[in-house]
Amino acid sequence: MSQVADFDQMNNPYRSTGTLGLMADDSEIQEDELRAFVGPKADYYLRKWAARLDDPSGEVGMNWVAFFLPAFWLGYRKMYVATLIYFGAVVLLSILEQVVFVVILGGATVPTAVGLIVNLMTAVVCGLCGNAWYLSHTRRAIHAAHARGLEGDHLVYDLSRRGGTSLLASFGLVFLGSVVIFVLIIFLAVLGAILQAS
């Protein structure tokens, strides 16, 4: 009797899949946990992640918000470490541009076209990788909640509190990052003028 019931459930297109075809290392992650962490836009991200949840090399698609507003999107999705890495990369690229074009090549400033190309490349990377980064962030948060021994409603509540979105964090991180980059640009301009004068 149980074999018949199991067979009927396997062929039932309306059955609850629970784990969304997650990979073996994610077998304890449930759909309601993913939804709790992501929040209101869960359907969008579950569609984008569907192929990756079945296969580690699955496509996750382009995230256009991450393309056009990378720092804002990373902060909005509470990926604070990724936001800091993003700003760190922007700072390092700015320094590299100054070193190559002002110090080594002796130019007065970095050509505008170079800045635009670097910004475009950064935006493309964030757009193409954003959904994958967010899935990794979500998985880590869920695994961490499981490791703390949370279950049931406590687990869902913790995930919804730690996940979701934050406009305040997003604007705050973008403001702080912009201030740091502005100060860096002034510092590099002064340093370039000093090096040219000597």
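A crossing of two helices is called right-handed if the near helix is turned clockwise from the far one by less than a right angle, and left-handed if it is turned anticlockwise. Keep that idea in mind for two of the views below. The model shown here is predicted.

**Figure 1. The whole chain is built from helices.**
Let's start with an overview. The chain has 9 helices and 0 strands, so its pattern along the sequence reads α-α-α-α-α-α-α-α-α. Of its 198 residues, 35% are buried. Contacts can link parts of the chain that are far apart in sequence: among contacts with a separation of 6 or more, 67% join residues 24 or more positions apart.

**Figure 2. Helices α6 and α7 pack against each other.**
Here you see α6 (residues 80-104) beside α7 (residues 112-147). Their axes are 11 Å apart and make an angle of about 155°. Angles over 145 degrees count as roughly antiparallel, and α6 is therefore roughly antiparallel to α7. This is a right-handed crossing. On the α6 side, the contact is made by Y86, L93, E97 and F101, while α7 brings V114, G115, V118, T122 and C126. Sorted by class, the residues of this contact are 6 nonpolar, 2 polar and 1 charged.

**Figure 3. Helix α2 crosses helix α7.**
Now look at α2, which covers residues 31-38. How do α2 and α7 cross? Their axes come within 10 Å and cross at roughly 115°, and the two helices are therefore roughly perpendicular to each other. The crossing of α2 past α7 is right-handed. From α2, the residues in the contact are E33, L34, F37 and V38; from α7, they are Y134, H137, T138, A141, I142 and H146. This set divides into 6 nonpolar, 3 polar and 1 charged.

**Figure 4. Helix α2 and what covers it.**
Staying with α2, we can ask which of its residues are buried. They are E33, L34, A36, F37 and V38. The cover over these buried residues includes α3, α7 and α8. L159 is a good place to look: leaving aside neighbours within four places in sequence, L159 is in contact with E33, A36 and F37, and also with A141, I142 and A145. Just after α2 comes G39, which takes a positive phi of about 95°.

**Figure 5. The largest nonpolar core.**
In soluble globular proteins, nonpolar side chains tend to be buried together. In this model, the largest nonpolar core holds 32 residues. Which of them touch the most other members? They are L34, W49, W73, Y86, Y134 and L159. The elements that give two or more residues to this core are α2, α3 (42-54), α5 (70-76), α6, α7, α8 (152-162) and α9 (167-197). Helix α7 provides the largest share, with 7 residues.

**Figure 6. T83, a buried residue in α6.**
Zoom in on T83, which is found in helix α6. Is T83 buried or exposed? The relative accessibility of T83 is 0%, so T83 counts as buried. Beyond its neighbours within four places in sequence, T83 is in contact with A71, L74, G75 and L173.

**Figure 7. Q98, a partly exposed residue in α6.**
Q98 also lies in helix α6. With a relative accessible area of 21%, Q98 is partly exposed, because buried means under 20% and exposed means over 50%. Not counting neighbours within four places in sequence, the contacts of Q98 are V103, V110 and L188. Take a look at the pair Q98 and L188: these residues are 90 apart along the chain, and their C-alpha atoms are separated by 7.2 Å.

**Figure 8. G58, a buried glycine in a loop.**
The last view leaves the helices for the loop between α3 and α4 (64-68), where G58 lies. G58 counts as buried, because its relative accessibility is 8%. Setting aside residues up to four places away in sequence, G58 touches A51 and R52. The C-alpha atoms of G58 and K48 are separated by 9.9 Å, and these two residues are 10 apart along the chain.

How values were computed:
Residues are numbered from 1 along each chain as its sequence is written. This is a predicted model: local features need pLDDT of at least 70, side-chain atom pairs count only at pLDDT 80 or more; totals for chains, interfaces and linings use all residues. Side-chain values use heavy atoms; hydrogens and water are left out. Axes are lines fitted to C-alpha atoms, for helices over the stretch in contact, and angles run from 0 to 180 degrees between N-to-C directions. Helices (H or I, at least four residues) and strands (E, at least two) are DSSP runs, numbered from the N terminus. Angles under 35 degrees count as roughly parallel, over 145 as roughly antiparallel, 65 to 115 as roughly perpendicular and the rest as oblique. Contact means heavy atoms within 4.5 Å. Ala, Val, Leu, Ile, Met, Phe, Trp, Tyr, Cys and Pro count as nonpolar, Asp, Glu, Lys and Arg as charged, and the others, Gly among them, as polar. A nonpolar core is a set of buried Ala, Val, Leu, Ile, Met, Phe, Trp, Tyr and Cys residues joined through side-chain atoms within 4.5 Å. Buried means under 20% relative accessible area, exposed over 50%, partly exposed in between (1.4 Å probe, protein chains only).
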